[in-house]
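Colleague: I would like to go through this model with you, beginning with the packing and then turning to the sheet and the side-chain pairs.

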Amino acid sequence: MDSAFSVWSPVVIAELKNPRRYQREVLYQIDRGYSSMEDLRIKIKSSEAYIQGKSVETKIKMEVLFLVRDGTGHLELITREEIVRDRTPLVGFSNSLNNHREAKFIININKISWEGGLIGRQLNAAYFIEYVLLAVKEQVVRLFANETTEDAQREALSAILHQLEEELDLVMEEKEELNNKIFFYERNINSLKQGFCKLENRNAALSRELNSYQEQLEQLQKQIYEKERRLMRLENTSHVYQVPHRSIQKNKTSLSKNRLGWGSRIKSMLMNIF
């Protein structure tokens, strides 16, 4: 009889049939302006999962770190906390967990990637997470010192299956990486479209302002033209009435001189008579 011994160890009782994938894009408002963002990093601080109704609630706390540069060239580190909350239906596990409500969960993060930038006074971060959940339960496990031939064959078969699973995971990872790149490309294209739309709206507003200025300029030119015409008419009218006025003044002066001359003559005649 082979010797055996027992240990208290967590045993996997169920696992997700397919990895969970979570992606999100966030914007953080900042108080001051910076010239550029030099680097972006995301660190996992903690993670937990527990049964919530007919689903498993996953909570992952992360720290988002932005390395930015101001106008003087000084580097500054800005950190923000981000919490990922995801729900996985219980039917997504390989085995039923209805009889294991006290099961604990292990979160294995297969992959995490991110991308970000600086937009005015906003820090942008888009991230992608792929993880799997393992449901475990603490129980006694018996270990034997010697393995039978059947156990060895089972182990060899299990190793081959594990290798195939790793190759399949690699293919799925490459596929997911391509999907992730497509997601970032689509996001960049949408950002460019939004930028073009803003430029078009700005150009339309400038065109309207330019048309308004042209109309105001035309009105001012018409007003200046009318004023010049009025001034010309006033000048012509003043010139016409100045000539008769001078003639009347001249005639009055001549008449006065004639009157003075006749008066002297009459006075001289009277003196000669007397």
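Colleague: Which residues does Phe105 touch, not counting residues up to four places away in sequence?
Modeller: Please keep in mind that this is a predicted model. Phe105 is among the members of the largest nonpolar core that touch the most other members. With residues up to four places away in sequence left out, the contacts of Phe105 are Ala49, Tyr50, Ile51, Val56, Phe93, Leu97, Leu134 and Ala135.

Colleague: Which strand supplies the largest share of this core?
Modeller: The core holds 34 residues, and Val56, Phe66 and Leu133 are among those touching the most other members. At least two residues come from each of strand 1 (4-15), strand 2 (20-29), strand 3 (36-52), strand 4 (55-69), strand 5 (75-89), strand 6 (104-119) and strand 7 (122-144). The largest share, seven residues, belongs to strand 7.

Colleague: What is the average twist from one strand to the next in the open sheet of three strands?
Modeller: The strands of this open sheet follow the order 3-4-5 and pair in the antiparallel sense, with strand 3 and strand 5 at the edges, each pairing on one side only. From one strand to the next, the twist averages 15°.

Colleague: Over how many bridges do strand 4 and strand 5 pair?
Modeller: One position that helps to place the two strands is Ser55, which stands opposite Pro89 in strand 5. The pairing of strand 4 and strand 5 is antiparallel, and the number of bridges is 15.

Colleague: How many residues apart in sequence are the parts that Arg21 and Glu130 tie together?
Modeller: Among the nine salt bridges found in the whole structure is one in which the side chains of Arg21 and Glu130 meet at 3.1 Å, N to O. Because Arg21 lies in strand 2 and Glu130 in strand 7, the pair ties together parts whose separation in sequence is 109 residues.

Colleague: Is Glu82, the salt-bridge partner of Arg24, buried or exposed?
Modeller: The side chains of Arg24 and Glu82 meet at 2.4 Å, N to O, and the pair links strand 2 with strand 5 across 58 residues. Arg24 has 35% relative accessibility and therefore counts as partly exposed. Since the relative accessible area of Glu82 is 6%, and under 20% is the condition for being buried, Glu82 is buried.

Colleague: Which residues are joined with Arg32 into one network by salt bridges that share partners?
Modeller: Glu76 and Arg32 meet through their side chains in a salt bridge of 3.6 Å, N to O. Glu76 lies in strand 5, whereas Arg32 lies in the loop between strand 2 and strand 3, 44 residues apart. Through salt bridges that share partners, Arg32 belongs to one network with Asp70 and Glu76.

Colleague: What is the angle between the planes of Tyr22 and Tyr127?
Modeller: The structure holds three aromatic pairs, and in one of them Tyr22 and Tyr127 are stacked, with a distance of 6.4 Å centre to centre and an angle between the planes of 25°. This pair links strand 2 with strand 7, across 105 residues. Both Tyr22 and Tyr127 are buried, and the angle you asked for is 25°.

Colleague: What is the relative accessible area of Phe66, which forms an aromatic pair with Tyr28?
Modeller: Tyr28 and Phe66 form an edge-to-face pair, 5.9 Å centre to centre with 70° between the planes, and they link strand 2 with strand 4. Tyr28 counts as buried at 11% relative accessibility. Phe66 is also buried, and the relative accessible area of Phe66 is 0%.

Definitions and conventions:
Residues numbered from 1 in each chain as written. Predicted model: local features only at pLDDT ≥ 70, side-chain atom pairs only at ≥ 80, totals over all residues. Heavy atoms only, no water. Core = buried A, V, L, I, M, F, W, Y, C linked by side-chain atoms within 4.5 Å. Buried < 20%, exposed > 50% of the residue type's maximum accessible area, 1.4 Å probe, protein only. Helix = DSSP H or I, 4+ residues; strand = E, 2+ residues; numbered from the N terminus. Contact = heavy atoms within 4.5 Å. Pairing = 2+ DSSP bridges. Axes fitted to C-alpha atoms, helices over the stretch in contact; angles between N-to-C directions. Salt bridge = Lys/Arg side-chain N within 4 Å of Asp/Glu carboxyl O. Phe/Tyr/Trp six-rings, centres within 6.5 Å; stacked < 30°, edge-to-face > 60°.
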